[in-house]
Every structure is written in C-alpha cells, then in structure tokens.
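Reader: I would like a close look at a single part of this structure, with its surroundings explained step by step. Please keep it plain.

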Amino acid sequence: MDIRNLKGSIVALVTPFHADGSVNFEKLRELTEWHIDNKTDAILALGTTGESSTMTHEEDDAVLRCVIETAAGRVPVIAGTGSNSTQTMLEKSLRAEKLGADGLLLITPYYNKGNPEGIRRHFLTVADAVHIPCILYNVPGRTGCAISAENVEALSKHPNICGIKEASGDMSYAMKIAHCVGPDFALWCGNDDITLPLLSIGGSGVISVWANIMPLECHNMVMDYLEGRREQAVAAAVKYLDLMNGLFMEVNPIPVKTALNQMGKEAGPFRLPLCEMTPAHQEQLRSLLEKAGLVR
C-alpha cells in the first residue's frame, strides 16, 4: 500500500509478551485487528514502543510478518528498522521489504551518533538500496543526536524518502523544516501532546503512543483537524492531554503497556532494562484511565 499520501493516525504498536518474555502472537494479532476496527490509518511495528531494541532479528521478522499477515492489506504496515550500525539498518530494511512492509522508519545512529555528513550517509545507504518509502526519525532525547535542518532539506529531495517523524518536541526546529513539506515529503508528529501544532504547519498526522489505548479518538482528532472541524479536534486534544502526558510519566513503553494491561488487553510484561512501574505511578495512571472512561 502507498504511504506517500497517507494522513491520520499511525500507531507505534506495542509488542505483547507472555509471562516468560516470549512474543505473544495471539495478542499481537488481536491488537492489530482492534486497530483496524478502530480506524487506525497505519501500523508501525518494531518501533521504540514495540521494544525492538531488546528483540532478536528473528523475533523482529516474526513480529513484522505477523502484523503484515493480519493486516492483510487493509492498512499500511511500516517497519521500524533503525540501528546505530548503518549496515545493520540496511540488512534489517532489506528483510522488512522482502517480508512485505509498505514503508520503513529509520532512526538516527544513537550512541555513536555520527557527524552531519555521517548521518546523511546513514539514511542514504538505505534509501538508495530499497524500493519502498522511508520515513526519517528525529528523536534526539532518545538518541543523543538530531537530524540537522540542512540534512532534512537535502534528504527530503531524495525520491525514496517520503517524510520525517519529528519527535524532538521543539516547535522552533519543526518550523525550520516545515518548508520541506510538500507532495513528496510529509511531516509526522512524534509527540502526542503537540499533534495539533504540528498539523497547523503542514503535518500529515501523528505516529502515536496514545493511539495504542485510544485508537479511534486519535484518528478522529487528527482527521477532524485536517478536515476543518478544528474546534472538535482542539476539544479532544485538551480533554485527553493529561492522559497523553501520563503515558510518559516513566520511560515509554512502560506506561502504555501498563495501561493496556489495566484495560484488559494483556500486553504482558517488559524486557529488561524496562520493568514494572512504581505502585504510585500505577495508581496515578489508573486514575487517568478512569477519567477517560477506559477502566472502571
């Protein structure tokens, strides 16, 4: 499926685990179906929220295959194939393309970082080699480095780079790259709490953590804004802002998987170094879910 003209809500999907830490494919299929039923516009598998950093390459492939087979062409499936090793990112990207992914999300080279030219080559190595669209991922709070505005401008002209997930939370930076937005390059919000500000400068939607627990509401908020029902979109953004922020009271995806478990969705445990939330935070999160009508 074509993701170049996609708009709306892309869920950064969690990976459900059994109690022993193995992937729970039954629940993964259930979550995929639930998102399709609730109008999620595309599914991102193997992102940060999917705990891919703690999974083997074989598990990555199995999870992606499961989501693609379950989605069965009803919504696009995007694979997070990033790595701080450019060669590893290339290998993962080629495998994801072969498995049938509709697009790729490519992160900056965390830890070893790279200078601006190295970061540019990091992305070009994959974009030149695959035949499916690539989305850049700027999240300096996670990686310790950012994609410079100059690199965004240069990379946005590559025929196989179709957008950027902007998750710095820096509206000044977002404004600097907004001029790159056009028919061939999309701006995707990577922070649920500032989705509407990003849409106001030409964004196409959000790659969302919040959508894991409220997929329909996330889709509706984005589409209400894009289709001119802006008062409704603002009302939803304000109504659920505390919950969106609450999903980051501890490092993602700990709160959102805990929320799914509290909702009875059985997302399961985490893989170390992630572990369960503090009791106080669990209680605080449950209160936010109750306020949103997601638990009783």
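Author: The side chain of threonine 143 reaches the backbone oxygen of cysteine 145, at 2.8 Å. The model is a predicted one, and this contact is where the close look begins. Threonine 143 belongs to helix H5, which covers residues 140-143. Its relative accessible area is 5%, and because buried means under 20%, threonine 143 counts as buried. Setting aside residues up to four places away in sequence, threonine 143 touches Ile107, Thr108, Tyr110, Tyr111 and Lys113.

Serine 52 can be described in the same steps. Serine 52 is found in the loop that runs between strand S2 (42-45) and helix H2 (57-71). With 15% relative accessibility, serine 52 also falls under the 20% limit and therefore counts as buried. The side chain of serine 52 reaches a backbone oxygen, that of glycine 47, at 3.4 Å. When neighbours within four places in sequence are left aside, the contacts of serine 52 are Leu46, Gly47 and Asp60.

Helix H2 leads on to the nonpolar interior. The largest nonpolar core has 89 residues, and Leu64, Leu104, Ile164, Trp210 and Ile213 have the most contacts inside it. H2 supplies the largest share of this core, six residues. For leucine 64, the contacts beyond four places in sequence are Ala45, Leu46, Val77, Ala79, Ala96, Leu99 and Ala101. Leu46 is thus a contact of leucine 64 and of serine 52. There is also a second, separate core of 17 residues, including Ile10, Ala42, Ile78 and Ala186.

Trp210, listed above for its contacts inside the largest core, brings in the aromatic rings. The structure holds one aromatic pair. Its members are tryptophan 210 and tyrosine 240, with 5.6 Å from centre to centre and 40 degrees between the planes, so the pair is tilted: under 30 degrees would be stacked and over 60 edge-to-face. The two rings come from distant parts of the chain, 30 residues apart. Tryptophan 210 is in the loop between strand S8 (205-208) and helix H9 (215-226), while tyrosine 240 is in the loop between helix H10 (230-239) and helix H11 (241-246). Tryptophan 210 counts as buried because its relative accessibility is 0%, and tyrosine 240 is buried at 11%.

Other rings have a charge over them. The charged end of lysine 265 sits over the ring of tryptophan 34, at 4.0 Å from the ring centre. Arginine 271 has its charged end over the ring of phenylalanine 17, 4.5 Å from the centre.

Key. Residues numbered from 1 in each chain as written. Predicted model: local features only at pLDDT ≥ 70, side-chain atom pairs only at ≥ 80, totals over all residues. Heavy atoms only, no water. Helix = DSSP H or I, 4+ residues; strand = E, 2+ residues; numbered from the N terminus. Buried < 20%, exposed > 50% of the residue type's maximum accessible area, 1.4 Å probe, protein only. Polar contact = N/O pair within 3.5 Å; in protein donor to acceptor, adjacent residues only side chain to side chain. Contact = heavy atoms within 4.5 Å. Phe/Tyr/Trp six-rings, centres within 6.5 Å; stacked < 30°, edge-to-face > 60°. Lys NZ or Arg CZ within 6 Å of the ring centre and 35° of its normal. Core = buried A, V, L, I, M, F, W, Y, C linked by side-chain atoms within 4.5 Å.
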